[in-house]
Amino acid sequence: MVRVDALTDVAGLRVGHARLAGDRALSGTTVVLAPEGGAVAAVDVRGGGPGTRETDALDPRNLVQRIEAVVLTGGSAYGLDTASGVMAWLEERGRGVRVGPDPAQVVPVVPAACVFDLGRGGDWRSRPDASVGRAAVEAAAATADGAPVAEGSVGAGTGAVAGGLKGGVGSASVLLDSGITVGALVVVNSVGSVVDPLTGVLYGRLLDSRPEFPAAEVHAAAQRRLAEARAESAERTAASVRPPLNTTLAVVGTDAVLTRAQAQKLAGTAHDGLARAVRPVHLLNDGDTVFTLSTGNRPLAAPAEPDPFGLAELNGLNDVLAAGADAVTRAVVKAVLAAEGVDGPGGVFPAYRDLY
């Protein structure tokens, strides 16, 4: 399979986007669809203002073992209704937790989380609903295995904003020496900034061996334009929200065999990737949430390898944990670079590539 540097490099995971229709609408939904039979899943919520659905079902102490899809959506808590459309689509195909002898007797467990983007298109009441969720899961199902993931101002990233800059969707993957793949998809919509104010370099690139630094005059001009955009936005619909509300979301997937507890650990360490790329992060007016999915196709350690103390599996898991954080950081960078600027009734949100 040709690798596309995205979450879909994890075989079996598919991604679909849908945008809310309307001239003054700036929102949408993204669905990550697992292979039939589902994936082991977990979640770690660290933002102080989360909007979520079915996250308690992912606690390793609870009943549900595998899920079929994860929903990331705009529309704040209103947008969580998109998961109903995904549930209906899954039920029609008999996909979900079996609760009776009839194959049609299923309850699809569809965890979801939302970003705050209300009013950014100019219409406060424009928010995704069940029909948008259904369109997103249908788009995911229609893609081929390993298909590229659309990035930037799409799906749940349609109305995303990161520290005044236009945010969006980004995706990246890491192929480990063991053959295990770890991928991430991020919706960058943060109160904190993604740009170093001293240099103009994206925070997520500061760990690169040779980051490119914008010229001083370019950086100064960019900072002036961003300040002007924020001042102008303060007079328009979206920026009237006080304090500003945001939330960054991520899904980290792997083909490694993980227990539910190990998947939860991966969700936790993946937040390190956000902390490298967004500053500050995990604030009270963010709802930063990371989901993880394990399709379970590759063991953490070679089964024939003598390993009486389990060190090979431990090292394999550590590699996956580190790769998850790295993939999240790179996905944030790709999201910001792919985003398209907006100047509309809801506000002025310039793109990084417009400024730099």
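The following paragraphs lead through a predicted model, beginning with a sheet and the helices on it and ending with a helix elsewhere in the chain.

Five strands make up an open sheet of mixed pairing, and their order across it is E1-E2-E5-E8-E4. Strands in a sheet pair through backbone hydrogen bonds, in either a parallel or an antiparallel manner. At the edges stand strand E1 (14-19) and strand E4 (52-53), and because each has a single partner strand, one side of each is left without a neighbour in the sheet. Further in, strand E2 (residues 28-33) and strand E5 (residues 69-73) run antiparallel and are joined by 5 bridges, with Val31 standing opposite Val71 in E5.

Two helices pack on this sheet. H1 touches E2, E4, E5 and strand E8 (112-114), and its direction makes about 155° with that of E5. Helix H2 (residues 130-141), for its part, touches E1 and E2, its direction making about 140° with that of E1.

A single residue of H1, Val86, shows this packing at the level of side chains and backbone. Val86 lies in helix H1, which covers residues 82-92, and it counts as buried because its relative accessible area is 0%, where the cut-off is under 20%. Once residues up to four places away in sequence are set aside, Val86 touches Val31, Ala69, Val71, Val110, Gly133, Arg134 and Val137; among these contacts are Val31 and Val71, the two residues that stand opposite each other in E2 and E5. The C-alpha atoms of Val86 and Glu68, which are 18 residues apart along the chain, are separated by 9.7 Å.

Helix H4 offers a second case. With 18 residues at 1.5 Å a residue, H4 should span 26 Å, and its end C-alpha atoms are 27 Å apart, which agrees. The buried residues of H4 are Arg260, Gln262, Ala263, Leu266, Ala267, Gly268, Thr269, Ala270, His271, Gly273, Leu274 and Ala277. Together they pack against strand E3 (40-45), strand E12 (181-188), strand E13 (249-256), strand E14 (289-298) and helix H5 (311-338).

One of these buried residues, Gln262, can be followed more closely within H4, which comprises residues 260-277. Gln262 has a relative accessibility of 15%, and it therefore counts as buried, given that the cut-off is under 20%. Leaving out neighbours within four places in sequence, Gln262 is in contact with Val257, Leu300, Glu313 and Leu317, and of these, Glu313 and Leu317 fall within the residue range of helix H5.

Conventions. Residues are numbered from 1 along each chain as its sequence is written. This is a predicted model: local features need pLDDT of at least 70, side-chain atom pairs count only at pLDDT 80 or more; totals for chains, interfaces and linings use all residues. Side-chain values use heavy atoms; hydrogens and water are left out. Helices (H or I, at least four residues) and strands (E, at least two) are DSSP runs, numbered from the N terminus. Buried means under 20% relative accessible area, exposed over 50%, partly exposed in between (1.4 Å probe, protein chains only). Contact means heavy atoms within 4.5 Å. Two strands pair if DSSP finds at least two bridges between them. Axes are lines fitted to C-alpha atoms, for helices over the stretch in contact, and angles run from 0 to 180 degrees between N-to-C directions. The expected span of a helix is 1.5 Å times one less than its number of residues.
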